[in-house]
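Visitor: I'm new to this one, so could you walk me through it slowly once it is on the screen?
Guide: Gladly; here it is.

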Amino acid sequence: MINLKYINTYSLIFFTLILPFSPALSNIFFAIFCVSSITEYIINRKQSHTIKTTYVSYVFFLLIGYLLVNGLLQGSYLANKTLWKFLPILGIGSLFMLYKKEFSFDSIKKASIISCICFVVLCLIRTVIFYSQNNFIPFANEGEMVDILKIHRPYLGFYVLLNIILSFDLIMNSKLKMYKYIYSSILVFFATFLILITARLSIISFVIIALIYILFYLKLNIFKKVTLGFTSCIAFMLLLSYNPNIQERLNHNNIELLVDHEPRFVIWESINTIRNNEDFNTIIGYGNYNLIEDYLVINYEKSIEKIEKRNYYLNERFNTHSQYFDYFLFGGFPALILFTAFCIISLWMTKRYFTPFAIIVSFILFFSVENVFHRQLGCYLFILYYFLSLKRTEKIVV
């Protein structure tokens with residue numbers, strides 16, 4: 001007889017290994033995980049195997065239900081194709097992650113780190129090939145960079161950041177010095193790659209998480225904590241000053257240039273305009289992603305004076321670039337409040353455990369600048385790392 005427990009466990013491990021490399025194979029292993037989970041549940045349902053729920057799960061599934069009903073009532077299938085494509089993945093995947101009773105946390109952590117190492121190495125190989133042909137590294141701009149990284153820079157940076165946190169967790173929990181040295185080297189390798197690709201939010205998130213650890217989790221007196229935190233900030237500022245890629249990406253010496261080159265200044269200004277539209281209802285939102293996108297494009301056309309920049313925004317049809325703003329425009333204040341409550345409860349549940357807490361903080365920061373649930377990779381990262389972090393606290397027992 002086939003052991004469903006092993007199928008369930010190894011499908012999740014292979015899903016973790018293949019995640020950054022192939023969306024198609026990721027879908028296959030995700031499907032195997034879901035099917036084996038529901039089969040295991042049906043077989044064991046008579047053995048008092050019940051799903052225990054907590055406030056965080058109630059809030060999350062209430063949010064999903066509200067968004068689905070709101071989208072169904074206010075928009076057609078085509079208008080809300082993004083909703084119907086990715087929200088079921090979130091709901092189903094999260095439910096099975098909550099259901100699964102036993103996890104091999106160390107195996108998943110190590111599989112994630114191994115996968116990340118392999119992917120980063122491939123990126124570096126493509127970088128070397130590109131440099132040998134063009135005599136420059138393109139990470140300060142958005143042109144050839146996509147061909148090298150294969151994943152959009154914010155998502156790759158975020159994925160690497162998650163594995164930095166997992167590497168640190170293994171450092172802290174390894175008993176042998178040899179393993180501590182190995183995982184420390186991996187952490188440094190990942191951090192160096194973040195700096196190389198100048199993933200701005202991930203670098204800033206890394207600094208914030210490091211400060212959180214120093215100030216709240218490191219067992220030192222307050223003077224040493226403040227001194228170490230201050231030293232870390234100075235080191236970050238020096239890195240900013242001497243790295244030309246970061247200088248070019250941040251444009252920190254020229255505020256006007258930074259505002260001109262950062263799309264979110266235009267996007268979020270447009271969101272502020274849209275929320276003042278006469279047809280916008282703060283209780284139910286628009287419930288129509290096509291309509292939201294059309295309003296954004298109209299604002300880009302009206303507000304951007306430079307022709308080349310305007311055409312770029314019109315061609316790209318940028319979304320809200322914030323999961324919070326996305327849910328506010330789509331579902332009004334109820335969706336925004338539910339999503340914010342879900343994040344806050346998650347922080348509260350994980351506050352005693354640094355690694356889960358750091359991962360939740362990373363997601364909350366990432367939600368502020370990206371529509372995470374508009375991409376398959378974003379949904380899968382959330383299902384895997386966010387809910388594993390909640391279960392790792394052993395406060396969600398299923």
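**A talk about cavities, a pocket and charged pairs**

Guide: Before anything else, please keep in mind that this is a predicted model. One place to begin is the largest cavity, where helix α4 gives the most to the lining, with five residues.

Visitor: Which other helix supplies at least two residues of that lining?
Guide: That is α16 (323-350), which, like α4 (81-99), supplies at least two residues of the lining of the largest cavity.

Visitor: And how much space lies in the largest cavity?
Guide: About 70 Å³ of space lies there, and among the residues lining this cavity are Thr82, Phe86, Tyr289, Asp326 and His374. By class, the lining of the largest cavity divides into seven nonpolar, three polar and one charged residue.

Visitor: How many cavities of 30 Å³ or more are there?
Guide: The structure holds two of them, and the second largest cavity has about 40 Å³ of space. Its lining includes Ser11, Phe15, Phe30, Gly93 and Ile383, while α1 (4-18), α2 (23-44) and α4 are the helices that each supply at least two of the lining residues.

Visitor: What classes do the lining residues of the second largest cavity fall into?
Guide: They divide into seven nonpolar and two polar residues, with no charged ones.

Visitor: OK, pockets now. How much space lies in the second largest pocket?
Guide: About 750 Å³ of space lies in the second largest pocket. It is lined by 31 residues, of which Lys109, Asp169, Asn173, Thr355 and Arg392 are the closest to its centre.

Visitor: Which helix gives the most to that pocket's lining?
Guide: Helix α7 does, with six residues, and the helices that each supply at least two residues of the lining of the second largest pocket include α5 (105-134), α7 (153-173) and α18 (376-392). The lining of this pocket has 18 nonpolar, five polar and eight charged residues.

Visitor: You named Lys109 and Asp169 there; what do they form together?
Guide: Lys109 forms a salt bridge with Asp169, and the closest N and O atoms of the two are 2.4 Å apart. This pair links distant parts of the chain, since Lys109 is in helix α5 and Asp169 is in helix α7, 60 residues apart.

Visitor: Are Lys109 and Asp169 buried or exposed?
Guide: Lys109 is buried, and Asp169 is buried as well.

Visitor: How many salt bridges does the count come to?
Guide: The count comes to seven salt bridges. Another one is where the side chains of Arg200 and Glu262 meet, at 2.8 Å from N to O; here Arg200 is in helix α9, whereas Glu262 is in the loop between α12 (255-261) and α13 (263-274), 62 residues apart.

Visitor: Why does Glu262 count as buried?
Guide: Glu262 counts as buried because its relative accessibility is 9%, and buried means under 20% relative accessible area.

Visitor: Which residues are linked with Glu262 in a network of salt bridges?
Guide: Arg200, Arg264 and Glu370 are linked with Glu262 in that network.

Visitor: Switching to backbone angles: which residue in the loop between α8 and α9 should I look at?
Guide: Look at Thr198, whose place is in that loop; Thr198 has a positive phi of about 50° although it is not a glycine. At 1% relative accessibility, Thr198 counts as buried.

Visitor: And what about Lys150, what is its phi?
Guide: Lys150 also is not a glycine, and its phi is positive, at about 70°. The place of Lys150 is in the loop between α6 (145-149) and α7, and with 52% relative accessibility Lys150 counts as exposed.

Visitor: Last topic, the surface. Which residues form a nonpolar patch there?
Guide: Phe21, Val121, Leu122, Ile125 and Ile129 form that patch on the surface, and together they have about 390 Å² of accessible area. Val121 is placed in helix α5, and Val121 counts as partly exposed because its relative accessibility is 35%.

Terms used. Residues numbered from 1 in each chain as written. Predicted model: local features only at pLDDT ≥ 70, side-chain atom pairs only at ≥ 80, totals over all residues. Heavy atoms only, no water. 1 Å grid on protein atoms, 1.4 Å probe; cavity = no way out; pocket = protein on both sides within 12 Å on 5 of 7 lines; lining within 4 Å. Points joined across faces, edges and corners; volume = space filled by probe spheres on them. Helix = DSSP H or I, 4+ residues; strand = E, 2+ residues; numbered from the N terminus. Nonpolar A, V, L, I, M, F, W, Y, C, P; charged D, E, K, R; others polar. Patch = residues over 30% accessible without salt bridge, like charges linked within 9 Å, V, L, I, M, F, W, Y side chains within 5 Å. Areas by Shrake-Rupley, 256 points an atom, 1.4 Å probe, with all protein chains shown as cover. Salt bridge = Lys/Arg side-chain N within 4 Å of Asp/Glu carboxyl O. Buried < 20%, exposed > 50% of the residue type's maximum accessible area, 1.4 Å probe, protein only.
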